[in-house]
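Please look over the structure below. The questions after it take up its surface, its ligand site and some local features of the backbone.

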Amino acid sequence: TVLSALADGVLSLTLNRPDKLNAFNDEMHRALRAGFEWAHADESVRAVLLTGAGRGFSAGQDLGDRDPRKGVPDLGHTIETFYNPLLRLIRSLEKPVVCAVNGVAAGAGANIAFACDITLAARSARFIQAFARIGLVPDSGGTWSLPRLIGEARAKALALTAEPLPAETAADWGLIWRAVDDDRLQEEAGALARRLAAGPTRGLGMTKQAIQAAATNSLDQQLDLERDLQRAAGRSADYAEGVVAFLEKRKPEFTGR
Ligand code: LHQ
C-alpha cells in the first residue's frame with residue numbers, strides 16, 4: 001500500500017492504493033508510519049519525498065473502512081491510533097519532507113500535504129476539506145495549519161464549504177510552495193528532494209524545528225531558541241565544510257553531520 005525506495009539520500013514514499021485514490025485504510029497507515037519511522041531512525045535518509053500513485057494524491061480516510069452501518073465507529077480512536085502519530089512523525093522529523101501532490105487531495109489527504117515542509121502540486125490537482133460533506137471536523141492538523149497558513153477567513157470558508165481549491169490558488173495563497181505543470185511535477189519534486197538531501201541535514205532539521213516553534217513562541221523565546229540552535233549548528237561538520245568550501249571557492253560536500 002506504500003512503495004518505499006531510498007536513493008541519493010531521499011526516502012521516497014508513494015501512497016499506493018490508486019483504485020481508491022490512495023484513501024487511507026489501516027494497512028496503508030501502518031505502512032506510511034513505518035516509512036516515517038525509517039526516516040527518523042536511518043542516518044542515510046536525509047530527506048523524504050511523499051507522493052501518490054495514479055491520478056490522486058489521497059482521498060483521505062477510506063470511508064468504506066469506517067462504514068457507520070456496521071456500528072457507530074470511534075473516530076477518536078482512529079485519529080489517536082493513526083492520524084495524530086503520523087502528523088507528529090512528519091513535524092518532528094529533523095529532516096526536510098517534500099510532498100508532491102500529483103492529483104486530488106481530500107480530507108486528511110489534503111491536511112497531510114499541508115503538514116509537509118515543502119509541498120508542490122500538479123496544476124490539475126485540487127485540495128478539498130471534504131470533512132464538511134460528511135459531518136466531520138478537519139483533522140490531521142488542518143484546524144491548526146489552515147488558519148496559520150492562509151488566515152482565519154479563508155480557512156473557515158474552505159473548511160465550512162468543502163469547495164475544491166485549485167493548486168494554483170493554493171500556491172497564490174501560500175498554502176503550498178508551488179504549482180507546477182503536471183508532467184514536470186515528479187521531476188521537480190525529485191530534484192528538490194535530492195538537493196535537500198545533499199544539504200547540511202542537521203542545520204536544515206534545526207531550521208525546520210525553529211520555524212515550527214515560532215508558531216507558539218514569543219519573540220524572546222524564539223531569540224533564545226535561535227541562539228541555542230545556532231550554537232549546535234556551529235559545532236556541526238557541515239558548518240565547517242560550508243565555510244571552508246566558501247573560503248576555498250569550491251562547492252561544499254555536506255555529509256549531514
Ligand atoms: C474512495 C474514497 C474514500 C473510499 C474515493 N474512501 N473510497 C478521519 C478519521 C476517521 C474517519 C473519517 O475520516 C477521517 C479523515 C478524513 O479524511 S474524512 C474525509 C474522507 N474523504 C472524503 O470524504 C473524500 C471522498 N471522496 C471524494 O469526495 C471523491 O472521491 C474525490 C473528490 C476525492 C475525487 O472525486 P473523483 O475524481 O470524481 O473520483 P471518484 O469519486 O470517482 O473516486 C474514484 C474511486 O475512489 C471510487 O471508487 P469506484 O470503485 O467507484 O471507482 C471512489 O469510491 C473511491 N474513493 N475516495 N475516501
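Q: Which residues make the nonpolar surface patch of about 320 Å²?
A: This is a predicted model. To join a patch, a residue needs over 30% relative accessible area and no salt bridge, and nonpolar side chains are joined within 5 Å. The residues that make this patch are Leu63, Leu75, Ile134 and Leu136.

Q: Where is Leu63 found, and what distance separates a polar backbone atom of Leu63 from a nitrogen atom of the ligand?
A: Leu63 sits in the loop between strand E4 (56–58) and H2. Leu63 is also listed among the closest residues around the ligand. A polar contact requires N or O atoms within 3.5 Å. The backbone of Leu63 meets this with a distance of 2.9 Å to the ligand nitrogen.

Q: What part of Arg55 has an N or O atom 2.9 Å from an oxygen atom of the ligand, and how much of the ligand's accessible area does the protein cover?
A: For Arg55, the atom 2.9 Å from the ligand oxygen belongs to the side chain. Gln61 instead places a backbone N or O atom 2.8 Å from a ligand nitrogen. On its own the ligand has 1000 Å² of accessible area, and the share of this covered by the protein is 68%.

Q: Which element gives the largest share of the shell around the ligand?
A: The shell holds 25 residues. By class, these are 14 nonpolar, 4 polar and 7 charged. Helix H2 (75–92) and strand E8 (126–128) each supply at least two of them. The largest share, 4 residues, comes from H2.

Q: How many aromatic pairs does a search of the whole structure find, and what is the geometry of the pair formed by Phe24 and Tyr83?
A: The search gives 2 aromatic pairs. For Phe24 and Tyr83, the ring centres are 5.9 Å apart and the planes meet at 65 degrees. Planes over 60 degrees apart count as edge-to-face, so the geometry of this pair is edge-to-face.

Q: Which distant parts of the chain does the pair of Phe24 and Tyr83 link?
A: The two residues are 59 residues apart. Phe24 lies in the loop between strand E2 (10–15) and helix H1 (26–41), and Tyr83 lies in helix H2.

Q: What is phi of Leu21, and what is phi of Lys249?
A: Most residues other than glycine have a negative phi. Leu21, in the loop between E2 and H1, has a positive phi near 50 degrees. Lys249 lies in the segment after helix H10 (237–247). Its phi is also positive, at about 55 degrees.

Technical notes
Residues numbered from 1 in each chain as written. Predicted model: local features only at pLDDT ≥ 70, side-chain atom pairs only at ≥ 80, totals over all residues. Heavy atoms only, no water. Near = heavy atom within 4 Å. Polar contact = N/O pair within 3.5 Å; in protein donor to acceptor, adjacent residues only side chain to side chain. Areas by Shrake-Rupley, 256 points an atom, 1.4 Å probe, with all protein chains shown as cover. Nonpolar A, V, L, I, M, F, W, Y, C, P; charged D, E, K, R; others polar. Patch = residues over 30% accessible without salt bridge, like charges linked within 9 Å, V, L, I, M, F, W, Y side chains within 5 Å. Salt bridge = Lys/Arg side-chain N within 4 Å of Asp/Glu carboxyl O. Phe/Tyr/Trp six-rings, centres within 6.5 Å; stacked < 30°, edge-to-face > 60°.
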